[in-house]
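I opened this notebook to record what I looked up, entry by entry. The structure is shown first.

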Protein chains: 2
Amino acid sequence: MIERYLIHYFLAVMDQGNFSRAAQQCRISQPTLSVGIAKLESLVGHMLFQRTNRRVELTTHGATFALHARRIEAEFAKATLAMAVDQKRTLIRLGLVSTLPALWIESATREASIAEGEKLEIVEGRMSELAPRLERGRLDVVIGIVNGDVDDERLLFEEPYSLALSDNHPLATRSSVDPQEIADADMIVRRSCEALSDVSRFFTQRGVRPSFSARTFNDDRAVVFVRAGLGMTVMPRCFRQPGIAMPELSGFHMRRKIGMLIDPVTAGRVKDSQSLKFFAETLRSAATTG
Amino acid sequence: MIERYLIHYFLAVMDQGNFSRAAQQCRISQPTLSVGIAKLESLVGHMLFQRTNRRVELTTHGATFALHARRIEAEFAKATLAMAVDQKRTLIRLGLVSTLPALWIESATREASIAEGEKLEIVEGRMSELAPRLERGRLDVVIGIVNGDVDDERLLFEEPYSLALSDNHPLATRSSVDPQEIADADMIVRRSCEALSDVSRFFTQRGVRPSFSARTFNDDRAVVFVRAGLGMTVMPRCFRQPGIAMPELSGFHMRRKIGMLIDPVTAGRVKDSQSLKFFAETLRSAATTG
DNA sequence: GCATTTGATAGATGTCATCTATGATAGAGC
DNA sequence: GCTCTATCATAGATGACATCTATCAAATGC
């Protein structure tokens, strides 16, 4: 049976005149589209496209099928439109980089839930997982690390990485600490940290080889370790909280920007979302007041 | 995205007014249809059916959607029809019970391949595997064991089960052998035999407990063993061939009918198939001339 | 000749439609 | 009441297949 997704593939190739671009339009890989068209051709029993190396054009059978394909797609569109009235809730699928403090996420989530008739679906993960999901339309928006220039609306905050240590540590009152001063200290490794490799390079380039007292993927757990005096670590400023001192690590100037990455396809829906707005604003204000 | 199969499910429920019957119409299980309708409802954002215990009826949203669903399905049908012209080859998916002799299958396949513009796709297996495949439309026709009354057109041949032994065995010249006479003989077990349990019951009820010299799923291999004098076995008469004697096993009157089981949905297409006709006739004549 | 762009192929992976088995509910018959 | 039957829903396992990440092969442009 000819499924709708094959109709989609077919129309995309017609639109773009090219398999690779059609695949992009459908947000699938080129080989997937290739076998999809092959399957469609086997289902209808005819070649639909004449592939020359420079361009793709319809066969006569393809032209016939094109008429029907357009009508089918139009009928689906009409049906969807007809059912779109009285829609109760809009779903926003939000990707969230895992290197944000639990407390902030907690209050942001609570604020977001105020919005009526909307539903937030949150996926946590590293940027390297979230970015392709956004790319393929599995997420509507990602709140995480953004690089390069970002307009103010989408940038939530920018922050440095600092040293984090228990506030009864001798160095806790200092505003800045030299790497050599902590050569003998125990360090805690935040394994999900996006700056992990930069931090370790920073220390090794200065001849400092700290010993490690803990390794964790959970940043809030790392904070607990620090507060308990198990060791110190380097983490984004946003993790500052009672019991933790965060002096500058002199010479380490890396910063990160936290912002929103929005899927262009669903951008309209996302822009209107009250819950996302509440969520973002809570993070933004936490960063400025903290 | 609403896929076509969901439209199908929806229309089937409308047609039948009942999930279970709709599932039968779609040749899927009832739970599959249940979650399918649930998925469709979540996609369109509305309940489509009002389920009471005794009957299923459309909601107002469902009624609206029904109009569109019919149109969509109609467009697909038109498209399929438009592409059906100039169809080159028709595919017949043939299930073949594995307890038929390789030689017969070989010549039948060769004869079938004469038919132009048709393609035969053969799946071998036990009846217990083939029957559900036919049931679910994965096969167009099954050639295998048929029970009960079958019209002459679909019945290919009927045959008894006989003892099979090497033709230089002392008993080879006999027309009939008593079970007690072979109490000491080595037997070969044809593990895929549909009569296996009947055969072993037949022997045990007569107090005969033969020893086994071979066990195989491959009937032609069993023939090779028999011819080599490794032992004897009970098999359908159609396996008779040079080097093998097949005296009757007195008291064992079981017979089997080999015939065609045809999927009612694709019956029209199957009836017209030349290759299937050649295939069937070759088997039928092999049975009468052999 | 070399880099680029095209679509096709192969093998691995993940998603999800499908299955079987079971539960929950309601009416029918006694 | 009680069972029996018919209904649709749920849970977990399975399998099919759409999709991915490699690649390759062929043609074009420089």
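The entries below concern a DNA strand, one glutamate and the cysteines.

**Entry 1: status of the model.** I note at the outset that this is a predicted model.

**Entry 2: surroundings of DNA strand C.** I asked how many residues surround DNA strand C. I found 20 residues, and the closest are Phe19(A) and Ser34(A) from chain A, with Tyr9(B), Ser29(B) and Thr32(B) from chain B. I then sorted the surface near DNA strand C by class: 8 residues are nonpolar, 8 are polar and 4 are charged.

**Entry 3: helices facing the strand.** Which helices each supply at least two residues of the surface near DNA strand C? In chain A, I recorded helix H2 (19-26) and helix H3 (30-44). In chain B, I recorded helix H1 (4-16) and helix H3 (30-44). The largest share of this surface comes from H3(B), with 4 residues.

**Entry 4: backbone or bases.** I looked up which parts of DNA strand C lie within 4 Å of the protein. Of those atoms, 71% belong to sugar or phosphate, and the rest belong to bases.

**Entry 5: phosphate oxygens.** I listed side chains with a polar atom by a phosphate oxygen of DNA strand C. For Ser34(A), which is also among the closest residues, the distance from a side-chain N or O atom to a phosphate oxygen is 2.2 Å. For Lys39(B), the corresponding distance is 2.9 Å. For Arg136(B), a polar side-chain atom lies 3.2 Å from a phosphate oxygen.

**Entry 6: Glu75(B).** I located Glu75(B) in helix H4 of chain B, which covers residues 60-83. Is Glu75(B) buried or exposed? I recorded Glu75(B) as buried, because its relative accessibility is 8% and the cut-off for buried is under 20%. Leaving aside residues up to four places away in sequence, I found that Glu75(B) touches Arg71(A), Ile72(A) and Glu75(A).

**Entry 7: cysteines.** I asked how many disulfides the structure holds over all chains. The count is 0. Cys193(A), accordingly, is in no disulfide, and the nearest cysteine sulfur, that of Cys238(A), is 10 Å away. In chain B, I asked why Cys193(B) forms no bond with the closest cysteine sulfur. The sulfur of Cys193(B) is 10 Å from that of Cys238(B), which is too far for a bond, because a disulfide requires sulfur atoms within 2.5 Å. I also checked accessibility: Cys193(A) is buried, with a relative accessible area of 8%, and Cys193(B) is buried, with a value of 8%.

Methods: Residues are numbered from 1 along each chain as its sequence is written. Chains are lettered from A and ligands numbered from 1 in the order in which they are written. This is a predicted model: local features need pLDDT of at least 70, side-chain atom pairs count only at pLDDT 80 or more; totals for chains, interfaces and linings use all residues. Side-chain values use heavy atoms; hydrogens and water are left out. A residue is near a molecule or strand if one of its heavy atoms lies within 4 Å of it. A polar contact is a pair of N or O atoms within 3.5 Å; within protein, one must be able to donate a hydrogen and the other to accept it, and residues adjacent in sequence count only if both atoms are side-chain atoms. Ala, Val, Leu, Ile, Met, Phe, Trp, Tyr, Cys and Pro count as nonpolar, Asp, Glu, Lys and Arg as charged, and the others, Gly among them, as polar. Buried means under 20% relative accessible area, exposed over 50%, partly exposed in between (1.4 Å probe, protein chains only). Contact means heavy atoms within 4.5 Å.
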